[in-house]
Amino acid sequence: MPQTPSIRIGQGFDVHAFGDGDHVMLGGVRVPHDRGVLAHSDGDVVLHALCDAMLGALALGDIGKHFPPSDPQWKGADSRAFLRHCNALIGERGWKVGNADITVICERPKVGPHADRMRELVRDDLGIEPDAVSIKATTSEKLGFTGRGEGIAAQAVVLLVKA
């Protein structure tokens with residue numbers, strides 16, 4: 001019988017279209033913007049991509065399986081609750097996040113001024129070391145839906161280690 005490896009890697013991706021509003025939620029931070037996002041929950045692409053990466057590393061499905069958009073209890077939900085739930089799920093199985101690397105893809109809003117606060121919230125929710133979370137941003141050089149300012153995306157990679 002094969003031995004279970006002591007590490008697991010997961011990747012996640014999330015995207016939301018812009019809609020009416022005056023802010024976007026990114027990494028648990030309310031970032032001022034001239035648009036909001038169209039989403040059932042708070043539409044936090046950073047945390048949704050991270051949750052998908054964590055769940056994927058242990059083959060536990062995706063965020064939609066655990067928090068279906070068809071379920072009214074998740075309407076407007078704080079995605080930090082999703083992150084804490086996913087962290088508990090992996091912990092119950094004997095794993096913890098070793099590190100996470102997240103990239104936000106958008107032309108606007110500017111992510112850099114808010115990245116340190118996002119990192120603080122994520123590492124607090126995951127209970128990991130300060131240097132174990134990276135949040136950064138890039139543009140798509142005005143190409144595609146993010147380049148045209150139609151929406152925002154994020155991708156995440158996570159390493160899980162035996163607790």
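With 163 residues, a compact globule would have a radius of gyration near 15 Å, and the chain agrees, because its own value is 15 Å. That radius is taken over C-alpha atoms, and the globule rule is 2.2 Å times the number of residues to the power 0.38.

This is a predicted model, in which local features need pLDDT of at least 70 and side-chain atom pairs count only at pLDDT 80 or more, while totals for chains, interfaces and linings use all residues. Residues are numbered from 1 along each chain as its sequence is written, and side-chain values use heavy atoms, with hydrogens and water left out.

## The whole chain

The C-alpha trace spans about 55 × 35 × 25 Å along its principal axes. Five helices and seven strands make up the secondary structure. Helices (H or I, at least four residues) and strands (E, at least two) are DSSP runs, numbered from the N terminus. Read from the N terminus, the order is β-β-β-β-α-α-α-β-α-β-α-β.

How much of the chain is buried? Of the 163 residues, 48% count as buried. Buried means under 20% relative accessible area, exposed means over 50%, and partly exposed lies in between (1.4 Å probe, protein chains only). The accessible surface of the chain comes to about 8,200 Å². Carbon and sulfur atoms hold 52% of that surface. These areas come from the Shrake-Rupley method with a 1.4 Å probe, and for residues only the protein chains shown count as cover.

Now look at contacts, meaning heavy atoms within 4.5 Å. Take the contacts with a separation of 6 or more: 71% of them join residues 24 or more positions apart.

The chain carries 18 positive and 21 negative charges, and their mean positions are 2 Å apart. Lys and Arg count as positive, Asp and Glu as negative; His and the chain ends are not counted. Each charge is placed at NZ of Lys, CZ of Arg, CG of Asp or CD of Glu.

## Three residues and their partners

The table pairs each residue with a partner distant in sequence.

| Residue | Partner | Sequence separation | C-alpha distance |
|---|---|---|---|
| Ser6 | Trp95 | 89 residues | 9.0 Å |
| His85 | Leu126 | 41 residues | 9.9 Å |
| Lys136 | Gly112 | 24 residues | 6.9 Å |

Start with Ser6. It lies in the segment before strand S1 (7-19). Its relative accessible area is 49%, so Ser6 is partly exposed. Which residues does Ser6 touch, not counting those up to four places away in sequence? They are Trp95, Leu160, Val161 and Lys162.

His85 sits in helix H3 (residues 79-92). At 33% relative accessibility, His85 counts as partly exposed. Leaving aside neighbours within four places in sequence, His85 is in contact with His66 and Phe67.

Lys136 belongs to strand S6. Lys136 is partly exposed, because its relative accessible area is 34%. Its contacts, leaving aside neighbours within four places in sequence, are Asp101, Ile102, Thr103 and Val104.

## Cysteines

How many disulfides does the structure hold? It holds zero. A disulfide is a pair of cysteine sulfur atoms within 2.5 Å. Cys51 is in no disulfide, and the nearest cysteine sulfur, that of Cys86, is 3.7 Å away. Cys51 counts as buried, because its relative accessibility is 0%.

Why does Cys106 form no bond of this kind? Its sulfur is 19 Å from the closest cysteine sulfur, in Cys51, so the two are too far apart for a bond. Cys106 counts as buried too, at 4% relative accessibility.

## Backbone exceptions

Most residues other than glycine have a negative phi, and most peptide bonds are trans. Some places in this chain go the other way.

The peptide bond from Arg108 to Pro109 is cis, with omega near 5 degrees. Pro109 is in the loop between strand S5 (95-105) and helix H4 (112-126).

Ala59 is a residue other than glycine with a positive phi, near 55 degrees. It is placed in the loop between helix H1 (45-57) and helix H2 (63-66). Is Ala59 buried or exposed? At 68% relative accessibility, Ala59 counts as exposed.

Lys142 also has a positive phi, near 65 degrees. Its loop runs between strand S6 (133-138) and helix H5 (144-147). Lys142 counts as exposed, because its relative accessibility is 61%.
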